[in-house]
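Here are two short exercises to work through with the model open beside you. Take your time with each step before reading on.

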Amino acid sequence: MTTALDEVLDRLDTAARQARQPQPRLLAVSKFQPATAIAQLAALGQRAFGENYVQEAAGKRAELTRLDLEWHLIGHLQTNKAREAAMLFDWVQTVDRPRIVDALGRHRPNDLPPLQVLIQVNVDDEASKHGCAPEDVEALAARIHGHERLVLRGLMAIPTPHPDPEQRRPAFARMHGLFDALRGHHPAVDTLSMGMSDDCAVAISEGATMVRIGTALFGARPPRPADRA
Ligand SMILES: *Cc1c(COP(=O)(O)O)cnc(C)c1O
């Protein structure tokens, strides 16, 4: 039986071949999905999961402790949740300001491996408060390097939604330029996280090394739980 996971992996493979790029990593975005849905995908071999809310992720992680999964925070991180996030996640993809860098670096427990972080860049959406300006990437990268408990792995972006994924191509291309520049100074940088269910092929053709896929794996999302935080 072909699963949604097979279909998505096939799509990524085809897009990568057409673009002559290496196959990107798949992050399964499980926000609002129950822990049972994560366990089902994990049984098929998927290991990396993305969550948007700290509280919601804490609940699911507690239910799934017997599974060896990699947890990524992909939602906006409030400063007052940074301590909990530093204890809970393996990766935080939404690092976008100095206060968050310092809070994560200070609170990452010593008995865990260093926290893997991506700098979220506000690449084209002037209305959005989230993500740093492209010109602030280098300063944030330097600040991350000042923390022993943080490892800078690269960049993440959520370009402005558009019904035609091709319209996002310039933003993805701009991210690729920023990624190349960052990699020039920081050899450990290897991850460019961009592309979702509807635009992952365009993102891959512009050099995404990780795509974040929710709907195409899990189907339509259940409504946002009232107690999400
Ligand atoms: C929800 C979400 C995704 C996944 O979106 P789909 O369209 O369901 O694939 C990816 N990235 C972020 C930051 C998200 O919040």
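**Exercise 1.** In this predicted model, find how many aromatic pairs there are, then work out how the rings of Phe32 and Tyr53 are arranged.

*Solution.* Step 1: the count comes to two aromatic pairs.

Step 2: look at Phe32 and Tyr53, whose ring centres are 5.9 Å apart. Rings pair if their centres lie within 6.5 Å, so this distance qualifies.

Step 3: the ring planes meet at 10°, and planes under 30 degrees apart count as stacked, so this pair is stacked.

Step 4: now place the two residues along the chain. Phe32 is in the loop between strand E1 (25-29) and helix H2 (35-43), while Tyr53 is in the loop between strand E2 (48-51) and helix H3 (54-63). They are 21 residues apart, and the pair links distant parts of the chain.

**Exercise 2.** Describe where the ligand sits and what surrounds it.

*Solution.* Step 1: the ligand sits in the largest pocket.

Step 2: sort the shell by class, which gives five nonpolar, four polar and three charged residues. Among the residues around the ligand are Val29, Ile74, Ser197 and Thr215.

Step 3: check the polar side-chain atoms. One of Lys31 lies 2.7 Å from a ligand oxygen. For Asn52, the distance from a side-chain N or O atom to a ligand oxygen is 2.8 Å, and for Arg221 it is 2.8 Å.

Step 4: finish with the surface. Alone, the ligand exposes 390 Å², and the protein buries 88% of that.

Technical notes:
Residues are numbered from 1 along each chain as its sequence is written. This is a predicted model: local features need pLDDT of at least 70, side-chain atom pairs count only at pLDDT 80 or more; totals for chains, interfaces and linings use all residues. Side-chain values use heavy atoms; hydrogens and water are left out. A residue is near a molecule or strand if one of its heavy atoms lies within 4 Å of it. A polar contact is a pair of N or O atoms within 3.5 Å; within protein, one must be able to donate a hydrogen and the other to accept it, and residues adjacent in sequence count only if both atoms are side-chain atoms. Accessible areas come from the Shrake-Rupley method with a 1.4 Å probe; for residues, only the protein chains shown count as cover. On a 1 Å grid over the protein atoms alone, a cavity is a set of points where a 1.4 Å probe fits but cannot get out, and a pocket is an open set with protein on both sides within 12 Å along at least five of seven lines; lining residues have an atom within 4 Å of a point. A molecule sits in a cavity or pocket if more than half of its atoms lie within 2 Å of its grid points. Ala, Val, Leu, Ile, Met, Phe, Trp, Tyr, Cys and Pro count as nonpolar, Asp, Glu, Lys and Arg as charged, and the others, Gly among them, as polar. Rings of Phe, Tyr and Trp (its six-membered ring) pair if their centres lie within 6.5 Å; planes under 30 degrees apart count as stacked, over 60 as edge-to-face and the rest as tilted. Helices (H or I, at least four residues) and strands (E, at least two) are DSSP runs, numbered from the N terminus.
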